[in-house]
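Q: I am new to this structure and would like a close look at a single part of it, the pockets. Could you take me through what lines them, and then turn to the parts of the chain described alongside?

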Amino acid sequence: MQIVTVAIQKGGTGKTTTAATLAQAAAYKNKKVLAIDLDPQGNLSFCLGATGQARFTSYDLITASAAPRILKTPCGADLIPSAWELSNLKSEKGSARRLQTAIKNYFSKGYDFIIIDTPPTAGELQYNALQASTDLIIPLAADIYNLQSLYQITAAARQIQQSNKSLRIAGIVITKADTRSTIARQMREQIIETAANDNIPCLGIIRTGIAIQEAAALQKSIYEYAPNSNPAQDYLSLLDQITR
Ligand SMILES: Nc1ncnc2c1ncn2[C@@H]1O[C@H](COP(=O)(O)OP(=O)(O)OP(=O)(O)O)[C@@H](O)[C@H]1O
Ligand SMILES: [Mg+2]
C-alpha cells in the first residue's frame, strides 16, 4: 500500500488542493482511498465535504484514544477529518511514530492508497506524516521563495529516512501554473532544474483553473463539478504518475 504525504514548510502552495484532488481522482478511478487531514486548519476535511462535528478525528487517531470511525465522503474517498486539538500535540521521545503505529494497526489492509495533508509548518504533525509514509509529494508554485522551502522539506525528509527506510521523496509538483506568461515558465523551468540537480523529479505540472476553487467552495469533487477542466485533467495524470 502506498501512503502519500503532501508537505512543504510554506503556506498556500497547493498542498490541500493536491491532497484533495488526488483523493477525488483516485475515487473517480474506483480506487479505495483514505484521506487523513493532519492540518488543524481543516481545509482538506472541508474540501472533501465534511460537515459538522466529527465523531472521530485525526487527533483521536494519533493519540489512539478510540477505535477509528471512518467518514464516507460524497466523492467516494474515506476521510479522517482534522481537529483543532491537533495544534496542541506535544513532541516527546518516539512521538513522531504515533501515526505510523495507528495506520499499521488499523489500516494495513483495505486501501489502495492513503493520502495525508499536512500544515505549512515543520513539527510534530509533519514528522508523524513523513514517518508513516512511503511517498512524499512536494507541491510548489512557481515562485522564488518556494525554492527555499524545497531545501527545508527535503532536509526534513532525509532526516526521517534514517528511521523510515520506506520513505521516498517521490518528487515535486508545480501547482497553479500559468502557461501563458513567459516569466512564469522561466521560473518553473528553474525550479524543475534545481530539484533535478538534487535528484528530485518533477511529477507533473498543474495548470491554474478557477473551477478547482469553485468546486472546493461548493464542497464538490472536481470530477463531478468540472471533469474536463485543466486542473482535473492534470491531477489525473499526476495520479497515474505516482501510483505504482
Ligand atoms: N490549480 C489551481 N488553480 C487555481 N487555484 C488553485 C489551484 N491550486 C490551488 N489553488 C488555490 O490556491 C489557494 C491555496 O491552495 P491550498 O489551500 O491548496 O494551499 P495549501 O498549501 O494547502 O495552503 P496552507 O499552507 O494554508 O495549508 C486556494 O485558494 C486554492 O483554491
Ligand atoms: Mg492546506
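A: What follows goes through the pockets one after the other, and then turns to a single residue and a helix. It should be said at the outset that this is a predicted model, and the values below are computed from it.

The largest pocket has a volume of about 560 Å³. Its lining is made up of 32 residues, and those closest to the centre of the pocket are G14, K15, T16, T17 and K176. Several elements take part in this lining, since at least two residues each are supplied by the helices α1 (15–28), α2 (43–47), α8 (210–217) and α10 (230–242), and likewise by the strands β7 (168–177) and β8 (202–207). Among these contributions, the largest share belongs to α1, which provides six residues of the lining. By residue character, the lining of the largest pocket holds 15 polar residues, twelve nonpolar ones and five that are charged.

The second largest pocket has a volume of about 340 Å³. A set of 20 residues lines this pocket, and nearest to its centre lie G52, Q53, A54, T57 and S82. Two or more residues of this lining are given by each of the elements α2 and α3 (58–63). The lining of the second largest pocket divides into nine nonpolar, eight polar and three charged residues. Helix α2 therefore appears in both accounts, because it gives at least two residues to the lining of the largest pocket and two or more to that of the second largest.

Turning to the single residue, R97 sits in the loop between β4 (78–80) and α4 (98–106). R97 counts as partly exposed because its relative accessible area is 38%, a value that lies between the cut-offs of 20% for buried and 50% for exposed. The side chain of R97 makes a polar contact with the side chain of Q100, at 3.3 Å. Leaving aside residues up to four places away in sequence, R97 touches N128, Q131 and S163. R97 and Y127 are 30 residues apart in sequence, while their C-alpha atoms are 8.2 Å apart in space.

Two of the residues touched by R97, N128 and Q131, are also among the buried residues of helix α5. This helix, residues 124–132, is mostly covered, with eight of its nine residues buried. Besides N128 and Q131, the buried residues of α5 are E124, L125, Q126, A129, L130 and A132. The buried residues of α5 pack against the strands β1 (2–6), β5 (113–117) and β6 (135–141), and against the helices α3, α4 and α6 (144–161).

Methods: Residues numbered from 1 in each chain as written. Chains lettered and ligands numbered in written order. Predicted model: local features only at pLDDT ≥ 70, side-chain atom pairs only at ≥ 80, totals over all residues. Heavy atoms only, no water. 1 Å grid on protein atoms, 1.4 Å probe; cavity = no way out; pocket = protein on both sides within 12 Å on 5 of 7 lines; lining within 4 Å. Points joined across faces, edges and corners; volume = space filled by probe spheres on them. Helix = DSSP H or I, 4+ residues; strand = E, 2+ residues; numbered from the N terminus. Nonpolar A, V, L, I, M, F, W, Y, C, P; charged D, E, K, R; others polar. Buried < 20%, exposed > 50% of the residue type's maximum accessible area, 1.4 Å probe, protein only. Contact = heavy atoms within 4.5 Å. Polar contact = N/O pair within 3.5 Å; in protein donor to acceptor, adjacent residues only side chain to side chain.
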